[in-house]
Structures are given as structure tokens and as C-alpha cells.
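Visitor: I would like a close look at a single part of this structure, the sheet, and at how its strands are arranged. Please take it step by step, and add a few words on other parts afterwards.

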Amino acid sequence: MLSEEVLKVVFPLLDGVDLAVCMVVCKQWRHVARDDYFWKCVCAKRWPSICKRPNSHTVTYYRIYRTFYKRQRPQTLLPPRLSFDDLEFFIDIWNEDELIFSEVVPGPVLQNGIKFLPTGICNTLKFHLESPEYKMTLPVDPRFNIPWGETVSISVLVERKDSNKVACIINKSLFDYIDRSASRALAFEYLNFSPNYPFISGIRAWISLLFLEDGDDGIIDVFGIEMDFRNTASSKDEVLWLLDMLDWK
């Protein structure tokens, strides 16, 4: 058995979970670990101001920790009520006032993504597209070119085939940021949610034009489109739940 002096040196360095584990090792460790000084050290890391209480306070730090500490448990979403088979996306892109891309895209096509990357793609974009993270991408065929400096905008609507209702994802937003290091032009729009979800707001949909760059001619060669919701929805089920909460008309 370790001496109490050694335990009293080690225990203040532990977090609450490890200190609680020490309490079930043996009677000696439990007796030492119940010293409220160690639990004050734990509480000081999580709630520093609580340790400014007068020493005469009757509630122990051990009790405070047990009362307010919550183990983080992964939350599992219920299966979404939508599927990509239920959806169609309407994507329109303008260069100034000229319509340069207009397609009705079935949900499964957007879900399946770009299977074959073109030659000449930059390493940063290639790494992104080949990474295992969930993404929604669409190959552009035929590809189209955009001169640098042109004003390009995009609209994206989505329709539910089960109810024929339509929601807006992007409404004539400008590609006003170009990340040349990653060969992506980006536009965004704040989503409009159903009144049934009054506390959900501030979530943006992002659309990226994926391109190859011709430095000599000052032209970008667009070969794909990507849609994402950044950290808000990073899996298929999360995306479908988010779309289900939109303001469908």
C-alpha cells in the first residue's frame, strides 16, 4: 500500500473522474480521497469562483462536484424522417445577368458526389475531396469557365417529393470570397427555419465552386459544386434533420 503522504501529493493533481475511481480502490484510498481539500482542487479547475466561499460553509466540495458534474455522453440522433431519395435540388448560377448553369439535381446524385477528380487539381482541394468527412458534391458536366473579377451568384432550392413543398437554401448569393490556395469560390446564406423551431437560427449554408485555375488567361475552370453546413451538420443524418426543419412552402 502507498503511504498516505504519497497519496496526498498525487490526489490534488487528478481530475474528478480519476479521484472518484481512486475512492473504490481500497479503504485507505477512499479514506484519503474523501478529504474535501482534494475536491476543492477539482472544483477550482471547473468552477474557480466557488472556491472563494467562506471556509465555514456547510456544503462540501465533494457534494458540489457530485451534484453538478455531468458525464458527457454521446448523443444519438433518431433516424431522420427525410432521405435523399425524397429530395430534388434546383441549382442556378449566374455570371452577371447571364445564366451559365441550371440543373435539377436528384438527391442521390448530390449524396454520391464526385467520383473522379480531374487532372491538374491542387493538392489542398484533392486532399479535402478525398478525405473521409461527409460532404455533398456535384460534378459539373459540361464544365464552365468564369473570368476573374466577374460577379457570380447562385440560388439553390430544394423540393420534397413526398409533399411537393419547396424550401430555399441559397437565394442569389454572391461568390464574394475566393480561396485560391484551395481552388474554391464560396457563397453563403442564412437558413430560414420553420416557425415550429423558434430557437434555431444563425445557421449558414455554404456553396463552393470547385475549380482549376488557368493563370495565363485569368480564368477559373469550374468542375464541381459543394454544399455544406460546416460544423452544424457533419453527417448524412444531421444534414437530413437540418433540411427537414427548413421553412417548407
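Guide: What follows goes through the sheet strand by strand and then turns to the cysteines and a patch on the surface.

The model is a predicted one, and every value quoted below is computed from it. The sheet is open and has four strands, which are ordered S2-S1-S4-S5 and pair in the antiparallel sense. Strand S2, residues 98–106, and strand S5, residues 166–174, are the edge strands, and because each has a single partner strand, one side of each is left without a neighbour in the sheet. Taken on average and with direction ignored, neighbouring strands of this sheet are turned by 10 degrees against each other. As a general point, the strands of a sheet pair through backbone hydrogen bonds, in either a parallel or an antiparallel way.

Within that order, strand S1, which covers residues 87–95, is joined to strand S4, which covers residues 152–160, by antiparallel pairing over nine bridges. On the other side, S4 pairs with S5, again in the antiparallel sense, over six bridges. Isoleucine 154 is a convenient residue from which to follow both pairings: isoleucine 93 stands opposite isoleucine 154 of S4, while the bridge partner of isoleucine 154 in S5 is serine 173. S4 and S5 form a hairpin with five residues between the strands, and in this hairpin asparagine 164 takes a positive phi near 60 degrees.

The cysteines come next. A search of the whole structure for disulfides finds zero. A disulfide is, in general, a covalent bond between the sulfur atoms of two cysteines. For cysteine 22 the closest cysteine sulfur is that of cysteine 26, at 9.5 Å, and this is too far for a bond, given that the cut-off for a disulfide is a pair of cysteine sulfur atoms within 2.5 Å. Cysteine 22 is buried, its relative accessible area being 11%, and cysteine 26 also counts as buried, at 16% relative accessibility, where the limit for buried is under 20%.

Finally, there is a nonpolar patch on the surface, with an area of about 230 Å², which is made by Val6, Val9 and Val10. Of these residues, valine 10 belongs to helix H1, which spans residues 4–10. With a relative accessible area of 38%, valine 10 is partly exposed, which means that valine 10 passes the requirement of over 30% for residues of a patch.

Notes. Residues are numbered from 1 along each chain as its sequence is written. This is a predicted model: local features need pLDDT of at least 70, side-chain atom pairs count only at pLDDT 80 or more; totals for chains, interfaces and linings use all residues. Side-chain values use heavy atoms; hydrogens and water are left out. Patches are made of residues with over 30% relative accessible area and no salt bridge: like charges are joined within 9 Å, nonpolar side chains (Val, Leu, Ile, Met, Phe, Trp, Tyr) within 5 Å. Accessible areas come from the Shrake-Rupley method with a 1.4 Å probe; for residues, only the protein chains shown count as cover. A salt bridge is a side-chain nitrogen of Lys or Arg within 4 Å of a carboxyl oxygen of Asp or Glu. Helices (H or I, at least four residues) and strands (E, at least two) are DSSP runs, numbered from the N terminus. Buried means under 20% relative accessible area, exposed over 50%, partly exposed in between (1.4 Å probe, protein chains only). Two strands pair if DSSP finds at least two bridges between them. Axes are lines fitted to C-alpha atoms, for helices over the stretch in contact, and angles run from 0 to 180 degrees between N-to-C directions.
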